[in-house]
Amino acid sequence: MPTATAQVPDQLGRFGPFGRRFVPETLMHALDQLTEEYERAKADPEFQEQLEGLLHTYVGRPSPLYFAERLTKEARGAQIYLKREDLNHTGAHKINNTVGQTLLTLRMGKQRVIAETGAGQHGVATATACARFGLDCVVYMGEEDIRRQQLNVFNMRTMGAEVRPVTSGSRTLRDAVNEAMRDWMASVENTHYILGSVVGPHPFPMIVRDFQAVIGREARQQCLDTVGRLPDEVIACVGGGSNSAGMFYPFIEDEGVALTGVEAGGRSDQPGDHASPLSYGQPGILHGSYSYVLQDDDGQTLDVHSISAGLDYPGVGPEHSYWKDTGRVCYTTCSDDDALATFQKMARLEGILPAIESSHAVSQALKAAANRSPDDVILVCLSGRGDKDVKEVARLTGQVL
Amino acid sequence: MAELTPISNTFATLRAENRLAFMPFVTAGDPDLAMTQDLIRGLSDAGVHLIEVGFPYSDPIADGPVIQASYTRALGGGVTVDGILKAVAEVNTDETPLLAMVSYAIVFRHGVEKFIADAKAAGFAGFIIPDLPGAEAAECFELVRSQGLDLVQLVAPTTPRERVQEILKSCSGFVYCVAVAGTTGERANVADALLDQLRWLREETDLPLAVGFGISKPEHVDPLRQVADGVIIGSGIVRQLEPTSDGQLDRNGAMQAIADLTTKMVNATSGS
């Protein structure tokens, strides 16, 4: 495959061969409408101004780029900088996308929003943006995830969202996506589906990437301003791949910048023990898109495991598959144990409780830094804060809350 | 003119007799493949005109809760694509063309060409791939046609008329007209919007029009008589295979209930 460019996807939603639209005909018209409306919004200075204003005064952007001095000392190598998405309103990068898509919903004149959520971060970010604009909001969430993430469920309901438990299949994120798509097929005339990651049929992978690219644009400029040059490496965790797509995209054509995505390595490299489709899967179809996926020989989606509910997904955004096959981004994994250890290290060395998702990226940054010179600079996307994970961390480390 | 495919032939015969086609749907492997074989034989003997065989898929976004639950039961029982093809090959239904209703995730994983060839060898006459819409199906359509089989496309209530010709480019056998926006399931009435859509679809194509998603009983047939060529029942049949609260399935009872519905539907679609 040729070199990766930022000029993707094409009209058909293709990132190289990946992406496209594998959905029932019922959704095709809505996807066409959404594509057109998004193109108009993108070219509309008023829309962009409104979005920037909200990102500034409501979300709290720009998020700082922070030099992690003690983490750097610990690694004994390259300098580690953290892009602090954990400091956003609602505590993660997810709000960048939901604010943008909520403005799109208003443009399309729709009054109702649906969303899927796994760990609950995207659900909370959607409920938040809907509350801000007075839109009806229904969040689909697997019964199993509802049990694990009671705090986020409470927050969503407090902001007026209806959380609908999903009891089909594995009762987790991928089933929540199925249910949200089903709802959308019956409600598409008055409802917008705010998909939370760079997955699904075109134009979602493009829209979510674009709304998240503010992370990489800011980080790139902040690095130029503080370090005086571009970083040597940029690292982010990859579940569906939204924070990493947003972080990497503005660097795609900066050839000297190495890009590393970190998947959930879970317990082992055996099927069912991890959530790493780019590392251990193969190209296939899931949730309306052609991308790397964890499937059995019959094309049935495999169950996945990760310590992090936010990375616990058997598929990945098609642009990541494109970046993998072009060699532009290197993908690796981080185990549950390493992520947990890094969570604790971050708390003690930097006074930051990172999301367990983001801990995967920091863990890899420590390894990468150790193999680099002290003159090198690594940027890590700290995609969210870890308050939501303390109960699980306490359980895993044998402590009582 | 090319030789008629088995599916086109069935519709041509019915059209000449001024009858509608009745096409039931069964999930392969629910509760097991032996029962699926019995059902295919039974439905064929009862005089249905075509049969859709659903390939269970783990993430079926195009299907409603009844069929998804049935897929989950079948996959829980360990059904595989090879198992389905073998079971279907053992059932002789020369009289009744079989269609594979299968997600593109499964077709792609097996290799599109190989899947089509294997399905043909097992006796399938055509394919419905609900997540391979419009132009996305162009390549697959060529491969299916080169095997002398049909690829049926869906037209939804949300499909704008200007999109229909693009869909028809990759469609043969018949057009699967989705009666309601949303996923498969049973509904109370046949909507006026559907009848309008069928009328303008008729102006766009000579292909037979079969209506599914939301069709569940003989009363649904009459309003469609002048505007459609066939009706499809999925959930209405599949729900007969739901186990009772004690987890058991009364196989004979289920077969009887399906036979009763089938007889009524065959009479309704054949009646004048």
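**Close-up views of chains A and B**

**Figure 1. Chain B as a whole.** With 272 residues, chain B would be expected to show a radius of gyration near 19 Å if it were a compact globule, and its value of 17 Å agrees with that. Please keep in mind throughout that this is a predicted model. The C-alpha trace of chain B spans about 50 × 40 × 30 Å along its principal axes. Its secondary structure comprises 11 helices and 8 strands. Buried residues account for 59% of the 272 residues in the chain. Among contacts in chain B with a separation of 6 or more, 74% join residues 24 or more positions apart.

**Figure 2. The surface and charges of chain B.** About 10600 Å² of chain B is exposed, and carbon and sulfur atoms supply 48% of that area. The chain carries 20 positive and 35 negative charges. How far apart are the mean positions of these two sets of charges? They are 2 Å apart.

**Figure 3. B:Leu98 and its surroundings.** Here we look at B:Leu98, which sits in strand S3 (residues 98-101) of chain B. Is B:Leu98 buried or exposed? Its relative accessible area is 1%, so it counts as buried, the limit for that class being under 20%. Setting aside residues up to four places away in sequence, B:Leu98 touches B:Ile40, B:Ile51, B:Val53, B:Val88 and B:Thr93, and also B:Gly123, B:Phe124, B:Ala125 and B:Gly126. For a sense of scale, the C-alpha atoms of B:Leu98 and B:Leu261 are separated by 19 Å, with their positions 163 residues apart along the chain.

**Figure 4. B:Phe108 beside chain A.** This view turns to B:Phe108, a residue of helix H5 (residues 104-110) in chain B. Which residues does B:Phe108 contact, once its neighbours within four places in sequence are left aside? They are A:Pro283, A:Gly284, A:Ile285 and A:Tyr290. B:Phe108 has 26% relative accessibility and therefore counts as partly exposed. Within chain B, B:Phe108 and B:Cys140 are 32 residues apart in sequence, and their C-alpha atoms are 10.0 Å apart in space.

**Figure 5. The salt bridge of A:Arg21 and A:Asp32.** The structure holds 48 salt bridges over all chains, and one of them joins the side chains of A:Arg21 and A:Asp32 with an N to O distance of 2.8 Å. A:Arg21 belongs to the loop between strand S2 (18-19) and helix H1 (25-42) of chain A, while A:Asp32 lies in helix H1 itself, 11 residues apart from its partner. The two partners fall into separate accessibility classes: A:Arg21, at 8% relative accessibility, counts as buried, whereas A:Asp32, at 27%, counts as partly exposed.

**Figure 6. The salt bridge of A:Lys388 and A:Glu357.** In this pair the closest N and O atoms are 2.8 Å apart. A:Lys388 lies in the loop between strand S14 (377-382) and helix H16 (390-396) of chain A, and A:Glu357 in helix H15 (residues 356-370), so the salt bridge ties together parts that are 31 residues apart in sequence. Both A:Lys388 and A:Glu357 are buried.

**Figure 7. A pair in chain B and a network in chain A.** B:Asp222 and B:Arg225 meet through their side chains in a salt bridge of 2.9 Å, N to O. B:Asp222 counts as exposed, with 53% relative accessibility. In chain A, salt bridges with shared partners join A:Glu37, A:Arg40, A:Asp44 and A:Arg107 into one network.

Methods. Residues numbered from 1 in each chain as written. Chains lettered and ligands numbered in written order. Predicted model: local features only at pLDDT ≥ 70, side-chain atom pairs only at ≥ 80, totals over all residues. Heavy atoms only, no water. Helix = DSSP H or I, 4+ residues; strand = E, 2+ residues; numbered from the N terminus. Rg over C-alpha atoms; globule rule 2.2 N^0.38 Å. Buried < 20%, exposed > 50% of the residue type's maximum accessible area, 1.4 Å probe, protein only. Contact = heavy atoms within 4.5 Å. Areas by Shrake-Rupley, 256 points an atom, 1.4 Å probe, with all protein chains shown as cover. Lys, Arg positive; Asp, Glu negative; His and termini not counted. Charge placed at Lys NZ, Arg CZ, Asp CG, Glu CD. Salt bridge = Lys/Arg side-chain N within 4 Å of Asp/Glu carboxyl O.
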